[in-house]
Structures are given as C-alpha cells and as structure tokens.
Amino acid sequence: MSSPDPQVRAARNQSTSPAARGPVVAVTGAAGGVGALLTDRLAASAEIKQVIAIDERRGECAAAQWQILDVRDPAIAEKLRGADVVVHLALDLDLETDAAARTAYNVRGTQTVLTAAAAAGVHRVVLCTSAMVYGALPDNALPLSEDAELQATAEATGVGDLLEIERLARRAPRAHPGLNVTVVRPAVLVGGTDTALTRYFESPRLLLVAGSRPAWQFCHVEDLCGALEYAVLEKVDGELAVGCDGWLEQEEVEELSGIRRMELPSTVALGAAARLHRIGLTPSPAGDLAYTMYPWVVSGSRLHDAGWRPKYTNEEVLAELLEEVAGRHTVAGRRLGRKDATAAGAAGATVALLGAAAVVRRARKARRRV
C-alpha cells in the first residue's frame, strides 16, 4: 500500500488543538458554487481538523489542501487517504450541458468517489441531490417526510442523474461494508444558482398551468452548507431534506414578486414545452413544468430534531432570488438577449412560448407540402 499524500500527512501531524481532534474532510467540486462555500466554512471551523479540496482547478480557499484532478480519475483514492469524511459536490447540472455528457460525468463521478472513498478507508460520504427526487405530484403531502417514496421520473433536467446517484447511495453500504452514506436533498436552491426553477422567475409572466396547485419552498445555499456541516460532524445522518420552514402559495409568490401570472391549459403548456425542447429551442424539457405545477415541499424534520434551523425564510430567499435575476430575460427556459427580451416582454413568456410553437407547426406544414 502506498504512503499517504504528503499534504494529508502534514494535516495529520498538526498540533493537538481542538480542531486537530476533529475530522479530516475532503470536498469535491471545491473550487466553485456550493463546494467553494462549504470549503470556506469547514476550513474556518474549530470542529474540523483539515479540509482537502478537490477540483479540476484550484480555488481561493488558502486554508485548504488542494488536489487538482477530475473526480472520475481512479487516482482520487490516493488523494482521499487520511480523510474521515468526503462531501461529493462535483456535479454538473448546467441546463446548457449535453444531457448524455452530463449524465456520464455525474454518474461516473459519483461511482468513482464512492469506490475510492471505501478503498481509502473513509467512513462517511455525504452526497447532495435535490428534493426534486420526491417528484412533484398533485396528491403529495404538505410537507413530505424524508421517508416519503421517491416518485420522480427522469423527465426533468438532471433528475434522472440524481435518481441514479440516490440508487448508488443505497447500494454503496452493501457493496462497501463500513461505509456510511448520507444524502442531503435541498429544496429550490438559491444563491448564485442557475436552474430551470430559478429561471422561472426571469420570465415577464409566471406561467400557471390551469388546475395545478403549486407550493414554493426555497433553500438558501448558506443553509445547505449548514446542513452539510451537520452531516460532516455526524450530528445527523440518513436521508436529509433541507429547506426554509413552510412554503409559499402561488398567490403569495405573485404578490411578493410583483410578477403577474398567465394561465394556460395543461395540454397546451406541456405540449408546447415538449415540442420546443425536442427541436432544441429551449433547454428545459416539459418535465420541468411539473415542479412549477404541483407541491414537493419537504419537512426537514431530521435536521430540526438534531438542532439545525434555517437562517432564511422563504420570503427572504425569494427576495434574494429576484435581486439575482433582475435584468435577465427568459422565455420558456431560454435566456434571451436584451433586444429579444424587449420584443417578447410585452406579450409575456407564455405568449412567446405559444408563438414559437405555432412557428414550429407552420414550418412542419410547409415541409409536408414540399
């Protein structure tokens, strides 16, 4: 067996301060996004001995020990030697990424990290998916418990990848005895994020599908980092849902945002969204609409029982989201330039969606006549 990485050896040999008695934590995806925030937080914590930051580029946290490599590289096992806990945050959920490439990266990366962690003697891996894995269904309980059945399908952006990661998480302790896996599932994540759900608030009108019952619950990235830290310190384990307390009804969202709704029959909205995605005009598949139609609010009871509380309310996170997206213009999930947005804004997002669908239909009819 090869000797531990020199940086990890140095971490082990630190003085026996209170922090030195805490765990050595490796964070993948540490150079940006949630990974960077968590790396900074853990590196500043008196309860953490050392942070090993893993990414394909070096981030800004000088207190962390940086390891530069792709998480799909089996060499990551050597970089994890000496770590007690791994938090795997190297996921690609970019709307613009090719779906096949995104799945290959997300699934292969998670498989490699779990296998490498077990080989390196790590006793706990913390994975982050999304509360979207519960599925958005008209008969969902308000709120859902962590033990609720995962009823999502692979029809929404990235959800198929997240469901596969959940499957790997369940299988890992059986394949690698002694390895504990904790899964954290945030609600609509806000704070420097760009998803189909945050883009919903970039539209000039909020699409409301007739007969639907939306319920909005947000999760600030700082609250997610707090929940991940709880998992790292083994204050809580298992499947954890995290978000603001309670939820907002659609009417409250419209009042707080000042954005008016535009209501469409479900067959029209879903059909148009499916057609536009199929021909490549929008990045979001029709499955994304379900998460704006039906509730998928989570209770977060396990974290609450362990003493964790969110610092942000739904109202505060929505206000921050609206500040972030100010000046951005999105129609049917597709971000527009200022000129295009000016033309589309007066009609509203869903009118533009329907107009684009009509163009598609006319083009198809013209091709058939040729």
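## Strand β8 and its partner

A residue counts as buried when its relative accessible area is under 20%. By that criterion, in this predicted model, every residue of strand β8 (residues 206–209) is buried. The side chains alternate in direction: Leu206 and Leu208 point one way, while Leu207 and Val209 point the other way.

Strand β8 runs parallel to strand β13 (residues 261–264), and four bridges join the two. Within this pairing, Leu206 of β8 stands opposite Arg261 of β13.

## Helix α4

Helix α4 covers residues 99–119, 21 residues in total. At 1.5 Å a residue the helix should span 30 Å, and this agrees with its end C-alpha atoms, which are 30 Å apart.

The buried residues of α4 are Arg102, Tyr105, Asn106, Val107, Gly109, Thr110, Thr112, Val113, Leu114, Ala116 and Ala117. An α-helix has 3.6 residues a turn, so residues three or four places apart point the same way. The buried residues of α4 are covered by elements that include the helices α3 (76–79) and α5 (159–175). Strands also contribute to this cover, among them β1 (24–28), β4 (85–88), β5 (124–128) and β6 (180–186).

## Internal cavities

Two cavities of 30 Å³ or more are present in the structure. The second largest has a volume of about 30 Å³.

Val188, Ala215, Trp216, Gln217, Trp296 and Val297 line the second largest cavity. Of these lining residues, five are nonpolar and one is polar, with no charged residue among them.

Conventions: Residues are numbered from 1 along each chain as its sequence is written. This is a predicted model: local features need pLDDT of at least 70, side-chain atom pairs count only at pLDDT 80 or more; totals for chains, interfaces and linings use all residues. Side-chain values use heavy atoms; hydrogens and water are left out. Buried means under 20% relative accessible area, exposed over 50%, partly exposed in between (1.4 Å probe, protein chains only). Two strands pair if DSSP finds at least two bridges between them. On a 1 Å grid over the protein atoms alone, a cavity is a set of points where a 1.4 Å probe fits but cannot get out, and a pocket is an open set with protein on both sides within 12 Å along at least five of seven lines; lining residues have an atom within 4 Å of a point. Grid points are joined across faces, edges and corners, and a volume is the space filled by probe spheres set on the points. Ala, Val, Leu, Ile, Met, Phe, Trp, Tyr, Cys and Pro count as nonpolar, Asp, Glu, Lys and Arg as charged, and the others, Gly among them, as polar. The expected span of a helix is 1.5 Å times one less than its number of residues. Contact means heavy atoms within 4.5 Å.
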